[in-house]
Amino acid sequence: MSNHPVVIIGAGMGGLTAAIRLARGGIAVQVVEARSVPGGLAAPVSFAGRSFDAGPYILLDRPGLTWAFEQLGLELASLVDLRPIEHPYEVTSAEGVVAIHREVERTADGFERRWPGSAKPYHRFVAEMTRIHARLQPLLHVSRPGLGALIACGGWRHIRFLRRSLGEVLRASRLPGPVIQALGIWTHVAGQTLNLAPSPMAFVPALIHGPGAWYPVGGIGAVVEVLVRALERLGVSIRFSTRVSAIRTVQGAVSGVELADGGFIAAERVLSDVHGVGTYCDLVPAITPRVKHRLAALPLQSPGVCIYLTGRVRAAMSSAPYLRFQLPDDHGLCRLLVQPSVVVPENENVVGMRLIAPMRHAEAQAMGAVGQQAFAERLIAEPWWRAHVDDAQVLHVRTPSEWGATCHLHRDSMNPVMTAAFMRAGRLAHRSPYVDGLHLAGSSTHPGQWLSFCAMSGILAADEVLK
Ligand SMILES: Cc1cc2nc3c(=O)[nH]c(=O)nc-3n(C[C@H](O)[C@H](O)[C@H](O)COP(=O)(O)OP(=O)(O)OC[C@H]3O[C@@H](n4cnc5c(N)ncnc54)[C@H](O)[C@@H]3O)c2cc1C
């Protein structure tokens with residue numbers, strides 16, 4: 001490897017873990033970040049003197065994040081004060097309320113009371129998903145899991161499962177419709193249908209009832225903070241407020257990055273934590289129009305609308321769910337009220353909360369900034385969440401347009417939606433097949449948008465560089 005540093009574009013979860021991994025491997029790295037803060041979508045924000053998680057609200061894959069930390073020589077449990085979420089979520093629709101608790105028995109008993117005969121299939125479903133997840137989990141730690149990796153971990157037994165959609169897997173469980181809706185609620189966040197979503201999303205109940213769902217004291221930004229400190233200890237500083245405008249190539253190989261301020265950093269290896277499609281379509285002029293066209297056709301995931309507010313939680317904390325999902329009568333996408341004080345109690349009466357509404361990317365784009373703001377206003381006026389909150393005060397509204405501008409998102413999207421088809425097609429590769437010396441991290445290279453996946457993606461991308 002040459003004396004030039006490996007340039008890492010973006011200090012999101014993927015960029016940070018990649019930088020630590022490379023620095024620990026003795027490689028010189030230069031992290032350039034367009035924003036003035038680290039963490040990307042997972043960076044905290046502050047309004048009226050109160051700190052909020054800007055985006056993420058739950059850790060559903062503690063084993064994955066633990067693995068990623070271990071690869072960096074860090075111990076998640078001792079560095080981040082994680083609290084288990086006893087009552088992770090409730091989904092309310094015209095058909096009633098479905099409550100998901102940490103304990104499988106309590107959850108199944110609730111189903112049984114409402115839909116007699118449903119406890120047994122739920123136990124069976126969770127046990128089966130737990131078994132399949134355990135077998136397939138090692139595939140998350142491989143850059144491009146192919147047949148060899150499937151055979152090595154015994155995952156070949158579940159090829160049929162992997163070929164199905166989430167909808168097919170959930171329907172085969174024979175659980176009541178509203179329970180299926182509640183288990184598949186995470187597809188709303190990606191703006192996709194059960195039939196387009198990949199089957200591994202059915203692991204969520206197995207994770208909640210197994211390793212548990214978690215929330216860190218200090219918010220999800222606490223995870224970012226630990227990574228930034230680890231990077232500093234390795235002597236690596238992040239060059240903030242430095243936007244890369246292009247990845248320069250010579251004869252199909254990376255030669256450096258051009259900066260928006262006119263500067264240039266020579267490099268033979270570039271690792272991009274920027275949106276996968278955005279990296280190719282916006283930053284690499286050398287990519288052929290055919291490839292750009294194919295990538296641009298991938299459906300994108302919108303960050304949706306996020307409303308940061310304060311108020312008093314009406315229910316007793318012990319009985320309130322952390323996340324209250326509401327399904328509208330018109331079968332549109334859900335909304336959710338996020339109440340961190342249910343997990344990490346605050347001393348004050350008035351606490352921070354968030355109201356989130358996923359949006360389909362195409363619809364959000366068609367609405368534009370003004371339409372998105374109007375959508376947020378309608379959300380604020382909805383009565384369902386006010387039934388749980390007294391003295392609500394809206395501090396800030398973040399629309400997809402603002403997400404895009406603040407976090408430098410390609411077409412105001414987080415990344416391509418992880419559909420079943422995209423996952424089966426192998427996602428985007430950590431090692432670029434188009435440009436020598438270009439590597440990708442981030443959720444377009446791993447099975448989804450979760451922080452754990454983004455953290456793992458950085459490690460696998462860095463390992464490709466080290467190879
Ligand atoms: C509303 C919302 C809710 C979410 N909920 C959850 C959840 O509950 N649980 C969960 O696990 N995950 C959740 N996520 C997803 C998670 O936050 C993201 O998937 C993850 O943080 C993305 O990390 P990343 O490293 O892939 O990319 P990013 O965070 O997008 O980081 C990319 C970085 O690159 C920088 N950058 C971009 N372009 C350039 C450029 N040209 N030059 C220099 N720097 C550049 C950006 O500023 C950014 O800092 C949520 C996200 C949102 C928005």
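The centres of domain 1 and domain 2, taken over C-alpha atoms, lie 28 Å apart in this predicted model. Where these two domains meet, domain 1 contributes 19 residues to the contact and domain 2 contributes 17 residues. On the domain 1 side, the elements giving two or more residues are α2 (62–71), α18 (420–424) and α19. Sorted by class, that side of domain 1 has 11 nonpolar, four polar and four charged residues.

It helps to have the domain assignment at hand while you turn the model. Domain 1 is pieced together from 6–47 + 59–79 + 218–299 + 415–466, domain 2 covers 102–211, and domain 3 covers 304–408.

Stepping back to the whole chain, you will find 19 helices and 21 strands. The radius of gyration is 22 Å, close to the 23 Å that the globule rule gives for 467 residues, so the chain is as compact as a globular protein of that length. Its C-alpha trace spans about 65 × 55 × 45 Å along the principal axes. Of the 467 residues, 50% count as buried. Sequence-distant pairs feature strongly in the contacts: taking those between residues at least 6 apart in sequence, 71% join residues at least 24 apart.

Now let us go inside. In soluble globular proteins, nonpolar side chains tend to be buried together. Here the largest nonpolar core has 133 residues, and the members touching the most other members are Ile 8, Ala 18, Ala 19, Val 270, Leu 271 and Leu 451. The element that gives the most to this core is helix α19 (residues 451–466), with 10 residues. Recall that α19 is also among the elements on the domain 1 side of the contact with domain 2.

Ala 18 is a good place to pause. Which residues does Ala 18 contact, leaving aside its neighbours within four places in sequence? They are Ile 8, Leu 271, Asp 273, Ala 441, Gly 458, Ile 459, Ala 461 and Ala 462. Two of the names on that list, Ile 8 and Leu 271, appear with Ala 18 among the core members that touch the most others.

From the core we can move to the ligand. There are 35 residues around the ligand, and those that come nearest are Gly 10, Gly 12, Gly 40, Gly 55 and Gly 442. Helices α1 (13–24) and α19 each supply at least two residues of this shell, and α1 gives the most, with three residues. By class, the shell has 20 nonpolar, 11 polar and four charged residues. Both domain 1 and domain 3 provide at least three residues each.

Helix α13 (residues 276–283) offers another view of the interior, as six of its eight residues are buried. These are Gly 276, Val 277, Gly 278, Thr 279, Tyr 280 and Leu 283. What do the buried residues of α13 pack against? Their partners are β10, β13 (270–272), α14 (289–296), β20 (415–416) and β21 (438–440).

For a buried residue elsewhere, look at Trp 186 in helix α10 (residues 186–189). Trp 186 counts as buried because 21 other C-beta atoms lie within 10 Å, where the cut-off is 20 or more. Not counting residues up to four places away in sequence, Trp 186 touches Met 201 and Val 204. Between the C-alpha atoms of Trp 186 and Val 250, which are 64 residues apart along the chain, the separation is 43 Å.

The tour ends with three loop residues. Asp 261 sits in the loop between β11 (253–259) and β12 (264–266), and counts as exposed, with 9 C-beta neighbours inside 10 Å. Its C-alpha atom is separated by 49 Å from that of Gly 210, 51 residues apart along the chain.

Backbone angles draw attention to the other two. Most residues other than glycine have a negative phi. Ser 241, however, has a positive phi near 50°; this residue lies in the loop between β9 (238–239) and β10 (244–250), and its 12 C-beta neighbours inside 10 Å make it exposed. Gln 251, also not a glycine, has a positive phi of about 50°. Gln 251 is in the loop between β10 and β11, and is exposed, with 7 other C-beta atoms within 10 Å.

Note on methods: Residues numbered from 1 in each chain as written. Predicted model: local features only at pLDDT ≥ 70, side-chain atom pairs only at ≥ 80, totals over all residues. Core = buried A, V, L, I, M, F, W, Y, C linked by C-beta atoms within 7 Å. Helix = DSSP H or I, 4+ residues; strand = E, 2+ residues; numbered from the N terminus. Contact = placed C-beta atoms within 7 Å. Near = placed C-beta within 6 Å. Nonpolar A, V, L, I, M, F, W, Y, C, P; charged D, E, K, R; others polar. Domains from an automatic or database assignment. Rg over C-alpha atoms; globule rule 2.2 N^0.38 Å.
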